[in-house]
Amino acid sequence: FGIVSAAIYFFMQEAAFPAPPHGGSYLAHFTSHNLADVVRENPVYYFCYFNGFFRLYHVGAVVGYFTLSTVIIFWITGMAIKFKTQMEAMDWFFLAYLIILVIYPATPGFRYLLPLVPLILIYVYYGLGFLSKKISLSKSRSIVTAFFVFLAIQLYPGVYNVIIHQQEEVK
């Protein structure tokens with residue numbers, strides 16, 4: 001799979017869409033940055049954006065930190081459970097995407113994290129399901145549903161304001 005992907009990349013880069021003679025390809029990002037610096041700085045950069053996703057607008061700092069901590073704990077727990085039981089294409093995509101985010105020198109903001117949000121929520125779901133089975137809660141679905149409703153209520157004002165702001169820019 002990796003060899004085929006690399007061959008397609010080089011074909012697209014060199015034959016189908018050759019770079020202009022003065023440079024300007026995405027590959028130039030790699031040659032103009034120190035990989036060690038990028039690997040050290042990118043996780044911090046993206047974590048700050050991820051943190052900001054859970055602390056939008058009118059949500060207090062305590063609630064935001066609680067939500068962020070809870071999501072991270074259940075995300076890592078759910079991801080470990082999912083990886084241990086059965087790795088699927090979604091899991092391989094998630095890992096590959098994270099590796100690319102860590103090594104790719106361009107950092108344009110949250111838009112690169114956005115494709116991971118549904119996958120993170122799936123891992124959170126697995127983590128919450130694991131916890132509810134471990135503590136033998138009879139209403140585990142209610143707890144999982146309540147957590148996601150709480151998360152949606154918390155994020156709704158911020159997401160709504162971003163959508164309104166983007167619509168105003170288009171006009």
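## A walk through an all-helix model

Let's start on helix H3, where Asp 37 and Arg 40 sit 3 residues apart, about one turn of the helix. Their side chains meet in a salt bridge, with 2.8 Å from N to O. Keep in mind as you look around that this is a predicted model. Asp 37 counts as partly exposed because its relative accessible area is 27%, between the 20% and 50% cut-offs. Arg 40 passes the upper cut-off, so it is exposed, at 51% relative accessibility.

Now step back to the whole chain. It has 171 residues, and 27% of them are buried. You will find 7 helices and 0 strands, so from the N terminus the order of elements reads α-α-α-α-α-α-α. Among contacts with a separation of 6 or more, 67% join residues 24 or more positions apart. The accessible surface of the chain is about 11700 Å², and carbon and sulfur atoms hold 71% of that area.

Next, turn to the interior. The largest nonpolar core is built from 22 residues, and Trp 75, Phe 94, Leu 116, Ile 120 and Val 124 have the most contacts inside it. Two or more residues of this core come from each of H3, helix H4 (61–85), H5, helix H6 (117–134) and helix H7 (140–170). The most generous of these is H6, which gives 6 residues. Val 124 is a good place to zoom in. Setting aside neighbours within four places in sequence, Val 124 is in contact with Val 71, Phe 74, Trp 75, Phe 147 and Phe 148.

From the core, follow the chain to the loop between H4 and H5, where you will find Met 87. Met 87 is partly exposed, as its relative accessibility is 27%. Not counting residues up to four places away in sequence, Met 87 touches Lys 82, Trp 92 and Leu 95.

One of those partners, Lys 82, deserves a closer look. Which side chains does Lys 82 meet in salt bridges? One is that of Glu 88, at 3.4 Å from N to O, and another is that of Asp 91, at 3.1 Å from N to O. How covered are these charged residues, buried or exposed? Lys 82 has a relative accessibility of 3%, under the 20% cut-off, and therefore counts as buried. Asp 91 is buried too, because its relative accessible area is 0%. Glu 88, in contrast, is partly exposed, with a relative accessible area of 35%. The structure holds 4 salt bridges.

Finally, come out to the surface. Here Leu 35, Val 39, Ile 99 and Ile 103 form a nonpolar patch, and together they have about 320 Å² of accessible area. Where does this patch come from in the chain? Helix H3 (35–53) and helix H5 (89–103) each supply at least two of its residues. Ile 99, one of the four, belongs to helix H5. Its relative accessibility is 52%, over the 50% cut-off, which means that Ile 99 counts as exposed. That brings us back to H3, the helix of Asp 37 and Arg 40: this helix supplies residues to the surface patch, and H3 also gives two or more residues to the largest nonpolar core.

Methods:
Residues numbered from 1 in each chain as written. Predicted model: local features only at pLDDT ≥ 70, side-chain atom pairs only at ≥ 80, totals over all residues. Heavy atoms only, no water. Patch = residues over 30% accessible without salt bridge, like charges linked within 9 Å, V, L, I, M, F, W, Y side chains within 5 Å. Areas by Shrake-Rupley, 256 points an atom, 1.4 Å probe, with all protein chains shown as cover. Helix = DSSP H or I, 4+ residues; strand = E, 2+ residues; numbered from the N terminus. Buried < 20%, exposed > 50% of the residue type's maximum accessible area, 1.4 Å probe, protein only. Core = buried A, V, L, I, M, F, W, Y, C linked by side-chain atoms within 4.5 Å. Contact = heavy atoms within 4.5 Å.
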